[in-house]
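This report describes one protein chain for a reader who is new to structural analysis. Please keep the sequence and the structure in view while reading.

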Amino acid sequence: MADRGERELRELTNGDALRLLGSVRFGRVVFARHALPTIRPVNHIIDGEYVIIYANLSIVPMHSDRQVVSYEADTIDHETQLGWCVILTGTAEPVLDPDEIARYERLIDPWLPGARNRVVRIRPDIVTGIELVTKVEVDQA
């Protein structure tokens with residue numbers, strides 16, 4: 001087993017959290033289904049301040065125009081156990097404009113299996129992120 005050394009947890013700024021979220025193409029959306037929290041894997045991209053997910057109707061059922069959801073993505077190295085985690089909460093709504101749908105379909109690389117028939121835009125209200133890094137010793141000279 002590799003020597004992991006001392007580590008520390010750092011809070012990420014909203015900008016850094018969204019930048020890291022944009023560096024990966026896969027995450028987990030959390031939504032209410034039959035009044036219970038449900039988590040499903042989806043592909044995503046970042047478009048400005050929005051998270052755009054491409055999913056099928058059974059993964060992200062929306063019974064109204066908008067629904068509060070959470071979204072999580074992370075990258076953790078199994079050897080060093082260093083990495084980051086970003087969680088956001090906000091309002092999700094289906095993208096209905098055909099031109100926007102076509103644009104997002106070109107940008108999102110759906111590698112998860114199954115049909116994709118819904119593009120959803122998440123507007124984050126709360127963005128939290130943490131990063132687990134190697135602790136840097138500060139010289140007290």
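Glycine 90 is found in strand S6 of this predicted model. Is glycine 90 buried or exposed? Glycine 90 counts as buried because its relative accessibility is 1%, and the limit for a buried residue is under 20%. Apart from neighbours within four places in sequence, glycine 90 is in contact with Gln67, Val68 and Val69, and also with Ile122, Arg123, Pro124 and Asp125. The C-alpha atom of glycine 90 is separated by 8.3 Å from that of glutamine 67, and these two residues are 23 apart along the chain.

A second residue may be set beside this one. Glutamate 131 lies in strand S7. Glutamate 131 counts as partly exposed because its relative accessibility is 24%, and partly exposed residues fall between the limits of 20% and 50%. Leaving out neighbours within four places in sequence, glutamate 131 is in contact with Glu8, Leu9, Arg10, Leu12, Gly83 and Trp84. The table lists one C-alpha separation for each of the two residues.

| Residue pair | Separation along the chain | C-alpha distance |
|---|---|---|
| Glycine 90 and glutamine 67 | 23 residues | 8.3 Å |
| Glutamate 131 and leucine 9 | 122 residues | 5.7 Å |

The strands that hold these residues are also paired. Strands S5 and S6 run antiparallel and are joined by 10 bridges. In this pairing, tyrosine 71 stands opposite leucine 88 in S6. The hairpin of S5 and S6 has six residues between the strands, and glutamine 81 in this hairpin takes a positive phi near 60°. Strands S6 and S7 likewise run antiparallel, joined by 12 bridges. Here valine 86 stands opposite glycine 129 in S7.

The whole chain can now be considered. Its secondary structure comes to two helices and seven strands, and along the sequence these follow the pattern β-α-β-β-β-β-β-α-β. The chain has 141 residues, of which 38% count as buried. How many of the contacts between residues at least 6 apart in sequence join residues at least 24 apart? The share is 71%. The accessible surface of the chain comes to about 8,700 Å², and 53% of this area belongs to carbon and sulfur atoms.

The interior of the chain is the next topic. In soluble globular proteins, nonpolar side chains tend to be buried together. In this model, the largest nonpolar core has 22 residues, and those with the most contacts inside it are Leu21, Val29, Val51, Ile53, Tyr71, Leu88 and Ile122. At least two residues of this core are supplied by each of these elements: helix H1 (14-22) and strands S2 (26-33), S4 (50-55), S5 (67-76), S6 (83-94) and S7 (118-134). A second core of eight residues is separate from the largest one and includes Ile45, Tyr50, Tyr104 and Ile108.

Which residues does valine 51 touch, if those up to four places away in sequence are not counted? They are Leu21, His44, Ile45, Ile46, Tyr71, Leu88, Val120, Arg121 and Ile122. Arginine 121 also lies over the face of tyrosine 50, at 5.7 Å from the ring centre. As for rings alone, a search of the whole structure finds zero aromatic pairs.

Conventions
Residues are numbered from 1 along each chain as its sequence is written. This is a predicted model: local features need pLDDT of at least 70, side-chain atom pairs count only at pLDDT 80 or more; totals for chains, interfaces and linings use all residues. Side-chain values use heavy atoms; hydrogens and water are left out. A nonpolar core is a set of buried Ala, Val, Leu, Ile, Met, Phe, Trp, Tyr and Cys residues joined through side-chain atoms within 4.5 Å. Buried means under 20% relative accessible area, exposed over 50%, partly exposed in between (1.4 Å probe, protein chains only). Helices (H or I, at least four residues) and strands (E, at least two) are DSSP runs, numbered from the N terminus. Contact means heavy atoms within 4.5 Å. Two strands pair if DSSP finds at least two bridges between them. Accessible areas come from the Shrake-Rupley method with a 1.4 Å probe; for residues, only the protein chains shown count as cover. Rings of Phe, Tyr and Trp (its six-membered ring) pair if their centres lie within 6.5 Å; planes under 30 degrees apart count as stacked, over 60 as edge-to-face and the rest as tilted. A charge sits over a ring if NZ of Lys or CZ of Arg is within 6 Å of the ring centre and within 35 degrees of the ring normal.
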